[in-house]
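Q: Please give me a close look at one part of this structure: the contacts that chain B makes. I am new to it, so add some landmarks from the other chains too.

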Amino acid sequence: MLNWLRLGIAEPTRIIDISRLDGLDQIEALAGGGLKIGALTHLNDVAQHALVMRDYPVLSQAILNAASPQLRNLATIGGNLLQKTRCAYFRAEEELPCNKREPGSGCSALHGINDNHAIFGWTEDCVATQPSDPAVALAALDAVIVTAHSSGGRRIPAAEFHLLPDTRPEAHNVLQHGELVTAIELPAPAPRSAYLKVRERESYEYAIVAAAAVLEMNGRTIRRAGLALGSVALRPWRLIAAEEQLAGADIGDRDALSAAIEQSFVEARPLSQNAYKIELAKNAALRAIEKAARMPS
Amino acid sequence: MNFHDRHLLRLRVNGEDHSLSDLDPRVTLLDLLRERLQLTGTKKGCNFGECGACTVHLDGQRVNACMILAVSAEGREVTTIEGLANGNALHPVQQAFIDHDGFQCGFCTPGQVMSAAALIEEGHTSSDAEIREWMSGNLCRCSAYPQIVEAVRAAAGRASQ
Amino acid sequence: MMISQPVSRTDGRVKVTGCARYAADYSAADLLHAVLVTATIPVGRVTSIAVDDALAEKGVVRVLTHEDMPKFGRFTSPRPGADTEAPEGPPVAQSFMPMQGDEIRHEGQPVAIVLGGTLEAAEAGAHRVRLHYERGDAELPVAADWTAIDKAAVEPKESGFLFVEPTFSKGEIDDGLANAAATVEAVYLQPSRHHNAMEPSATLAEWNDSELTLHDATKHVYGVRQVLAARMNIPVEKVRVISRHTGGGFGGKGWIWPHQVLAAAAARITGRPVRLALSRANAYSCLGYQPRMAQKIVLAADRSGKLTAMQQDVVNLTTVTDDFVEFATEASKGLYATPAMRLRQRVERAHVAMPTPMRAPVEGPGTWALESAMDELAHRLVIDPLDLRLVSHADTDPATGRPWSSKKLREAYEEGARLFGWRERPREPQRDGDWLIGYGMATCSMGCFRNPTPAAEVRLHRDGTVLVRTGTQDIGTGTLTIFPQIAADVLGLPMEKVELEMGDTQLPEAGPTYGSSSTKGVGAAVLAAAEDARSQLARLANLLPYKVEMQDGHIRRKGVAGGQTIADVMHHTDVGEVIGSGSFDPAQHGKGLAMRTFGAIFMEVGVDPGLGLLRLRRAVGSYSAGRIINPRTARSQMTGGIIWGWGMAAMEQSKHEPMLGRFLSKNLSGVAIPVNADIPGDIIIHFVDEVDEHASPIGGKGIGELGATGVAAAVANAVFDATGKRIRELPITPEKLL
């Protein structure tokens, strides 16, 4: 948020410090399975919580792959979901043509440098991606974002929290004015889950592509799969078609897994410089599935 | 909060209570330390949370001081590099950085040392790989990275793996 | 004996406690904070600068534009016989001074300065300055491929940055090509890259009547003084520059940039001290960078691998004002015995910010291309890459035929290969899970830059303490420790008796801290000054200066036990201190000899072809660089150099935005540099036992940049070994490895 001020991305007249609101930084088990994570829980505390590590390794791994240890001590899980794109044009220290910064000013990346931009769900208005690591894990987990508002709160599926640019390219997420994220609810434990992040340097860097896989297994057979990709679209990208075809597949049958993943890439569309991300994303999805399968159940 | 309001801020820095009046709400904890309290050991390398040179401890946890508005540190306890040693006796991490040549130009060093001291408290020292990962929030362009890992390992009291 | 001992850094305590002060750590009463407003277009004119909103911001004191600025003076070299009409060159970083008119020549160029009583006010004010432009026709960098670059390339014109003839040839290139059993012809590309020192440059300027004092982040206090005096039209004696510690140089703080001048001008105009700490974004357009380069190389060799011809055509990006030439061909001139060479340097001019040297200049880019091509040639001839290099080992300087001052490259190869296990490496494809393992090597080399004529003073006090004074700078290379070591060694005193004062124009002039030149140059001056002090003490003790030695606080005739204490000698002669002075004149050393440092880098990398990942697994650097004064600091410096090279190979690039004429990202999250997790602990540094007394009386000849050479090629060669993919464009990022 401070960086938005510095860059002129946000010019608020008031800032409200919500960090001391009571009761929003707790992690508690939900009756009937599942976990409720207060929105103000710091990232490191979520990732290193015993229940998160045991039951939701995909989330723990995603968080520990995000930012740096210092930043994870400051950042909250709720705040992380609200982060804006890392598109270099959007983040520039001077305002450049960008529909997210100034609606109607155009998208510099569309015909500019877009080697790390979207391969799914982009429009000519915006080809950026959502950079959050935890969001990808939450989408794969079918988590729910719980919000509060003076007119009542909402429960938003994590995979639908962020907005694609097809309606209002300047918006990042579905939150309304005055709406506050209060908690994230995770469904039943997903011990066979894993996160994979691809980046040129080993740490403290945003993903080129990330993949979250959540598996339910029956021996070597996949019973159900949740798959989401990060840094490929303006929202964590669920691979629904792949998930459907994965049900019943043998985890050792790489060809079958790849064929399933392929189903979700029919809708992939490269930009001028990022066709490589399509292959990379397919491979990352496959690796994430295999990594998840190796997790102890 | 209006940007032209002025705030009163109380916080504890290196064991000393400070009460600052007339504080511009835009002042970051980093600039407060450097410009108001003359604690210039904490460095400004990027001012965007991208380098770790400004790492301090806030209520015992390592954080980037450039990413915190000073007013939000009301009532908190801050430890900077100037407050890490016990009088003349260096903190074990400081001594280890000297012993293992864990720096060159020294500009990122206060942040590295503060990060390392916290890392050891956090217990992220089970392997060199873990140290490397948990020290990756502090860039060092002289690239003293291997020596930093040696220093952290030594300060944590571990033998070489 | 202190020389060659792994002495712990004398600056350890101040640096781990936060007490070491860098330029931006200084303050002054009544300080004004300066924030730059910079151009957002690459070429044109500023037609108006609306400052009212900025001035309305509480705490903003003044907004300066070109209309407020004095006419800055021209810099001419103070060296005797210097051509006063010649184009400006170092220590000036660029001849174009912004804010002398409405002209814009590159994006990011300063066009206004907002001054505030607080940093917050100045920053808010800077956001509110509105610029209006008349855009010019921008010449922007062409696409990064040889055809486009070759077409855009021109011969460099006369420039202050054209240090060597842009072309060189020897022998009959056509014969060499005709006689070859194998040839390699390839183009190697590298992007623009920034220094990204952790300390963004900063200057605190303060006037006292007509005298100017600067606290500056610089590698050359005397250079700052000369340029500031020229620009401000005042005598050099009126300028004092202080730089106790500089937070990383790597080239970006070597020459003097406009911001230092602008800070001084702002302070003079307002009559208040001004601190201008550049933002990280400013650092991308105001401090230079290593420019984008393309190199076309042709190597030809006979069946045994002996080179028969070498052809190289280099093009680097530069500004429309100064032709900065990145002399990659210098590496080719000095590395291998070749009967025929044809080398050419050209430039591609564009409306971009000014490039500047960056660790390692010249041979850094040069070895990337040449050492990649050598590997390609080795594979074509089915010769081990190390053997290919041995076959064409240059026993004398290939370009001039001169003998070397010293060269132990064969030993460096051999000892490095042994430490790495190069000869025993597996030749079949290696796998470790998803990782393909590869091995690569390259030759390292740097020219032996010797700066004339650094001076130092060594004051020996009656109580046996010593003060070394020299106007050089600390950038972390170890000189704060090495110079006291040298003095302690000569004067037979323990380290703790020696103090060192550096980084101030009130100290003897000692030149810049770049070009790997400090130890051999300033170190030699300290050596001479310490010897002078010892000689003076000898005379006081009625001993023949050249027959004395000093040990444990005593001076005595060599080989004779006992002797007199320093205190006694001075007491009896009623002398409080002796002041030795010394300097190093490179013209007096190594006449007629060719000088270079050498080495070999061996690397093991892992490539995950499914995810396009490249990771470093281990490395051995083995060097022939003369005497190593402090093996401890030297090891750190070489390790840092290898990691620097790893960054160049694996991730670093500052992309030129093709439409906007700016660097795409001007921040450390948009531009990757290595982090701790990228670097394995298994990096071995080895120095061949060597003393080169021709290069410098100290016996050393410079290491700061040597470690960064060869690395990018060794990595690409290892990637080829792992994957069979020859990558000729840096950095080696995932899209190239999939």
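A: **Starting point and contacts of chain B**

With a relative accessibility of 62%, A:Arg294 is exposed, because exposed means over 50% relative accessible area, buried means under 20%, and partly exposed lies in between (1.4 Å probe, protein chains only). A:Arg294 belongs to helix α10 of chain A, residues 276–294. Helices here are DSSP runs of H or I with at least four residues, strands are runs of E with at least two, and both are numbered from the N terminus. From A:Arg294 to A:Leu24 the C-alpha distance is 34 Å, and 270 residues separate the two along the chain.

The model is predicted, so local features need pLDDT of at least 70 and side-chain atom pairs count only at pLDDT 80 or more, while totals for chains, interfaces and linings use all residues. Residues are numbered from 1 along each chain as its sequence is written, chains are lettered from A and ligands numbered from 1 in the order in which they are written, and side-chain values use heavy atoms, with hydrogens and water left out.

Now to chain B and chain C. Their contact (heavy atoms within 4.5 Å) involves 51 residues of chain B and 57 residues of chain C. Buried area is the accessible area (1.4 Å probe) that two parts lose on being put together, summed over both. For chain B and chain C this comes to about 4400 Å², with 53% of it on carbon and sulfur atoms. On the chain B side, B:Gln104, B:Arg141 and B:Tyr145 lose the most area to chain C, and together they account for 19% of what that side buries.

Charged pairs come next. A salt bridge is a side-chain nitrogen of Lys or Arg within 4 Å of a carboxyl oxygen of Asp or Glu. Chain B and chain C share seven of these salt bridges. In one salt bridge, B:Arg34 meets C:Asp25 at 2.8 Å, N to O. A polar contact is a pair of N or O atoms within 3.5 Å; within protein, one must be able to donate a hydrogen and the other to accept it, and residues adjacent in sequence count only if both atoms are side-chain atoms. Between chain B and chain C, 28 residue pairs are in polar contact, both residues at pLDDT 80 or more.

Five elements of chain B give two or more residues to the side that touches chain C: α1 (29–36), α2 (92–99), α3 (109–122), α4 (128–134) and α5 (145–155). The most come from α5(B), which gives six residues. By class, this side has 21 nonpolar, 13 polar and 17 charged residues. Ala, Val, Leu, Ile, Met, Phe, Trp, Tyr, Cys and Pro count as nonpolar, Asp, Glu, Lys and Arg as charged, and the others, Gly among them, as polar.

Chain B also meets chain A. Here 32 residues of chain B contact 25 residues of chain A. The two chains bury about 2400 Å² between them, 51% of it on carbon and sulfur atoms. One salt bridge crosses this interface. A:Arg86 and B:Glu50 form a salt bridge, with their closest N and O atoms 4.0 Å apart. The polar contacts number 15 residue pairs, again with both residues at pLDDT 80 or more. On chain B, β4 (61–64), α3 and α4 each supply at least two residues to the side that touches chain A. The top contributor is β4(B), with four residues. By class, this side has twelve nonpolar, 14 polar and six charged residues.

Now some landmarks in chain A. In the loop between β4 (154–157) and β5 (180–186) of chain A sits A:Glu179. This residue is buried, at 9% relative accessibility. A polar atom of the A:Glu179 side chain lies 2.8 Å from the backbone nitrogen of A:Gln176. Another loop, between β6 (193–198) and β7 (209–218) of chain A, holds A:Tyr204. Its phi is positive, about 55°, although A:Tyr204 is not a glycine. A:Tyr204 is buried too, with a relative accessible area of 8%.

Chain C offers its own landmarks. C:Asn542 lies in the loop between α14 (518–540) and β21 (548–551) of chain C. Its phi is positive as well, near 60°. C:Asn542 is exposed, with a relative accessible area of 72%. A cis peptide bond joins C:Leu730 and C:Pro731, with omega about -10°.
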